[in-house]
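Work through the exercises below with the coordinates open. Try each task before reading its solution.

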Number of protein chains: 2
Amino acid sequence: MKQFLLFSAMICAFSSSGHAQSADSLAIKKISDEIFMNGTAYSNLKYLCKKVGPRLSGSPGAALAVEQTARMLREAGADTVYLQPCMVPRWVRGAKEEGNANLVDGKKIQLNIVALGNAVGTPSGGINAEVVEVKNFKELEMLGADRVKGKIVFYNYRMDPRYINTFQAYGEAGAYRGQGPSRAAALGAVGVIVRTLSPVLDDNPHTGATRYEEGTPMIPAVAISTNGAVELSKLIAEGKLRSIYFKTNCQMLEDVPSFNVVGEIKGTTYPDEIITVGGHLDSWDLAEGAHDDGAGCVQSIEVIRALKSLGMQPKRTVRAVMFMNEENGLRGGTKYAEVAKGEGKKFIMALESDAGGFTPRGFGYSASAGQSAQIEKWQSLFVPYGASEFKRGGGGADIGPLRPLGTVLIGLNPDSQRYMDLHHAKTDVFEAVSERELNLGAVAMTAMVFLVAQYGL
Amino acid sequence: MKQFLLFSAMICAFSSSGHAQSADSLAIKKISDEIFMNGTAYSNLKYLCKKVGPRLSGSPGAALAVEQTARMLREAGADTVYLQPCMVPRWVRGAKEEGNANLVDGKKIQLNIVALGNAVGTPSGGINAEVVEVKNFKELEMLGADRVKGKIVFYNYRMDPRYINTFQAYGEAGAYRGQGPSRAAALGAVGVIVRTLSPVLDDNPHTGATRYEEGTPMIPAVAISTNGAVELSKLIAEGKLRSIYFKTNCQMLEDVPSFNVVGEIKGTTYPDEIITVGGHLDSWDLAEGAHDDGAGCVQSIEVIRALKSLGMQPKRTVRAVMFMNEENGLRGGTKYAEVAKGEGKKFIMALESDAGGFTPRGFGYSASAGQSAQIEKWQSLFVPYGASEFKRGGGGADIGPLRPLGTVLIGLNPDSQRYMDLHHAKTDVFEAVSERELNLGAVAMTAMVFLVAQYGL
């Protein structure tokens with residue numbers, strides 16, 4: 001019932017501040033018209049996807065993305081554009097991975113696999129071992145070391161399609177990608193295959209970071225496509241599988257220097273109150289990173305462009321930030337907060353878009369009760385844009401480190417139905433983004449930034 | 001503010017009928033789980049798009065679609081499946097259209113054009129004439145017969161991107177496709193070129209029905225892609241265009257017999273109260289008709305399948321209807337209402353899904369104030385599915401003819417951002433549909449049908 005209580009709170013709020021609301025709604029309409037008529041988020045995204053392409057931290061693509069988004073911020077009219085240095089991990093996939101299911105009848109079936117991000121590679125000859133399939137950690141523990149030792153563990157956990165919000169399903173299933181390798185290694189496994197975290201059945205394996213626990217051996221780990229997982233499970237059930245061979249060539253190199261990219265409009269009245277709006281600039285190496293998170297970057301640039309084009313000078317300083325290294329280290333977000341701590345300014349709010357460039361549904365926010373109530377007074381302003389689902393709780397990975405500074409964190413919540421289909425896969429390309437959906441997200445973000453810039457929090 | 005008043009009405013309703021609401025919300029959760037776990041809407045849509053393909057009224061594709069959706073309804077578990085005969089127009093495009101811009105320097109530029117639906121073709125040698133560009137009807141009238149006579153009129157009306165709901169923009173721009181040819185012919189024009197009704201700039205012309213007015217000559221009419229329209233306008237502005245040539249081969253043949261397809265679950269308590277749920281089976285000849293309206297058809301079949309699979313016997317009769325000929329005649333919808341009038345039953349509600357298989361946002365309904373209030377009591381039940389935008393006014397083309405029978409009309413309102421990009425174009429294919437979005441729409445529809453089946457209206 002929370003949703004409805006918010007709505008009734010809003011009705012009361014509306015009657016007591018009708019004038020401000022109506023001036024604000026006109027301002028937001030201007031923002032929306034500007035973005036739909038003259039927006040550059042879509043063309044910037046095209047550049048980022050097609051001219052820059054994959055941009056994993058430390059890669060040449062990431063370096064080019066830094067240079068190009070700095071240009072975009074200047075073209076958007078930011079007063080100041082600068083690079084904020086940070087060291088980032090440099091993980092490389094190496095030559096193309098390969099894998100086969102070796103059947104008892106001597107045949108081989110090729111597997112659609114990719115190494116998990118941050119994983120170690122196999123020895124140069126690959127690994128070849130018997131396979132144990134488990135549906136979850138409980139089944140793994142039941143098997144115990146005796147039956148896991150020397151084997152490849154195949155986590156065949158199906159993302160639960162019953163969650164309406166796919167991030168909930170992802171949250172559950174993500175444990176197998178994140179912790180699966182170390183938990184299998186603790187029982188003596190020599191390798192891990194994780195079913196791709198996607199609700200759709202297709203042939204595209206999705207990568208994403210795994211995390212090795214200290215004290216357990218670092219074993220090679222791959223994702224297999226959902227179709228591949230179904231097929232593999234069938235082979236096992238029918239007693240047709242002898243072993244699996246796979247070879248990966250990935251490795252973690254030394255840290256390298258990189259940057260967050262920052263573009264700023266100085267506040268007219270409270271320049272030392274900082275509103276941060278951002279997405280992350282790095283993407284996985286397999287994809288163009290269109291939804292994850294090129295969208296969030298170009299939307300944040302669009303916030304700057306729209307405000308400047310309309311001559312809507314914010315009272316508080318607005319900073320668009322392209323965070324580096326969200327995918328496999330969070331070094332950019334961590335560095336931004338570290339620098340912020342020393343800046344002697346007030347980081348009042350940070351808004352992140354990192355859930356895809358889909359139609360916005362609303363926002364989630366981590367704030368005090370009073371601040372939350374203030375945000376909720378603005379809810380009605382977002383109804384015409386279909387972005388009025390306001391929920392307590394939320395934010396974003398890159399802005400998370402700002403929370404100890406008292407910063408209100410807000411996450412843009414787009415419709416989640418299509419995100420997991422292409423997340424971290426080669427299908428996360430420019431063509432999968434709708435221009436209008438991307439723009440509508442930028443409208444919602446600009447409106448929220450504008451309100452906080454005018455009223456504070 | 002209507003939206004908020006509805007919400008407060010709902011809060012009151014909730015407190016007085018909490019028990020029923022919570023039983024209903026459990027029932028809807030069961031429906032949702034069933035559809036996301038075992039739904040067949042997506043595989044049925046794949047069949048309709050890939051094995052049947054385009055299915056304009058009277059075409060072999062339409063006949064195959066009738067046969068195959070009847071099969072799908074039987075497989076879904078409908079008690080009764082039958083075909084309801086109706087005559088339909090048979091418009092054929094004929095051989096591929098061609099068009100050129102002839103420049104003053106003697107060069108030719110090929111144009112991306114397609115004949116508008118229901119249009120007459122050109123003479124076998126095509127037409128070649130000077131062009132007058134107008135942005136709207138006002139500009140056409142200002143030109144007058146003197147400057148239009150013997151020319152091709154080029155309607156270069158840009159769909160207004162500022163409307164958040166793209167159907168509003170479509171409503172405005174649609175006048176040029178519908179009335180443009182006759183209004184130009186009334187001033188002596190020999191042909192018409194209409195800028196494609198789409199908010200995106202690309203090379204895909206969209207077809208769609210035009211309507212000749214009685215008493216004015218029927219002149220050939222084509223749509224040009226949005227990129228083509230921009231380019232053509234530039235050529236005209238720069239004085240580079242001498243004339244345009246185009247040739248179309250379409251014609252309207254004699255009416256032919258076809259069918260609506262009906263699948264029914266008989267109501268246990270009030271079998272003579274009929275709930276209709278449907279989409280239209282015909283599609284334009286250029287496309288697979290995935291969103292328009294294969295989606296609505298397979299979602300309606302899914303309503304039947306979900307209720308039967310769950311053993312949720314409806315108290316009132318539920319009929320899934322695949323309406324024939326929505327695109328260029330509405331003969332199926334008209335016939336259905338005509339037959340309904342003579343059936344001696346009560347057609348209490350009809351729900352149509354004909355706005356694409358996108359994430360559902362809510363419903364629009366045409367009903368009495370009392371019936372609307374009853375529908376609005378259910379609004380909270382749709383919040384968990386993101387489909388709680390309830391709006392007075394709405395329905396669907398095929399169910400419209402039922403309104404004089406006192407039938408409450410309800411339209412499913414999916415998110416509208418992507419629809420017009422591909423509407424009536426060759427890009428309206430299966431691959432443009434998200435399985436989860438399609439299923440979520442089916443969940444919302446099944447829930448609404450279930451509520452009306454249990455409580456009446």
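**Exercise 1: a sheet in chain B**

Asn100(B) stands opposite Gln110(B) in S3(B). The model is predicted: local features need pLDDT of at least 70, side-chain atom pairs count only at pLDDT 80 or more, and totals for chains, interfaces and linings use all residues. Residues are numbered from 1 along each chain as its sequence is written, while chains are lettered from A and ligands numbered from 1 in the order in which they are written.

Task: find the strand that pairs with S3(B), then place both in their sheet.

Solution. Start with the terms. Strands (E, at least two residues) and helices (H or I, at least four) are DSSP runs, numbered from the N terminus. Two strands pair if DSSP finds at least two bridges between them. Next, the partner: strand S2 (residues 98-103) of chain B joins S3(B) over three bridges, in the antiparallel sense. Now the whole sheet. It is open, has four strands and runs S3-S2-S10-S5 (chain B), with antiparallel pairing. Strand S3 (108-110) and strand S5 (127-129) of chain B are at the edges; each has a single partner strand, so one side of each lacks a neighbour in the sheet. From one strand to the next, the twist averages 20 degrees.

**Exercise 2: two helices of chain B**

Task: describe how H4(B) and H9(B) pack.

Solution. Two packed helices are described by the angle between their axes and the distance between the axes. Axes are lines fitted to C-alpha atoms, for helices over the stretch in contact; angles run from 0 to 180 degrees between N-to-C directions. Helix H4 (residues 60-76) and helix H9 (residues 290-309) of chain B meet at about 20 degrees, axes 8 Å apart. That makes H4(B) roughly parallel to H9(B) (angles under 35 degrees count as such). Last, the residues. Contact requires C-beta atoms, placed from the backbone, within 7 Å. H4(B) contributes Thr69(B), Met72(B), Leu73(B) and Ala76(B); H9(B) contributes Cys297(B), Ile301(B), Ile304(B), Arg305(B) and Lys308(B).

**Exercise 3: chain A and its partner**

Task: how many residues does each chain give to the contact, and which helix of chain A gives the most?

Solution. Chain A and chain B put in 31 residues each. On the chain A side, helix H1 (2-16), helix H2 (18-38) and helix H12 (435-455) each supply at least two residues. H1(A) gives the most, with six residues.

Finish with the chain itself. Chain A holds twelve helices and 17 strands. Its C-alpha atoms fill a box of roughly 75 × 45 × 40 Å, taken along the principal axes.

Definitions and conventions: Two residues are in contact if their C-beta atoms, placed from the backbone, lie within 7 Å. Angles under 35 degrees count as roughly parallel, over 145 as roughly antiparallel, 65 to 115 as roughly perpendicular and the rest as oblique.
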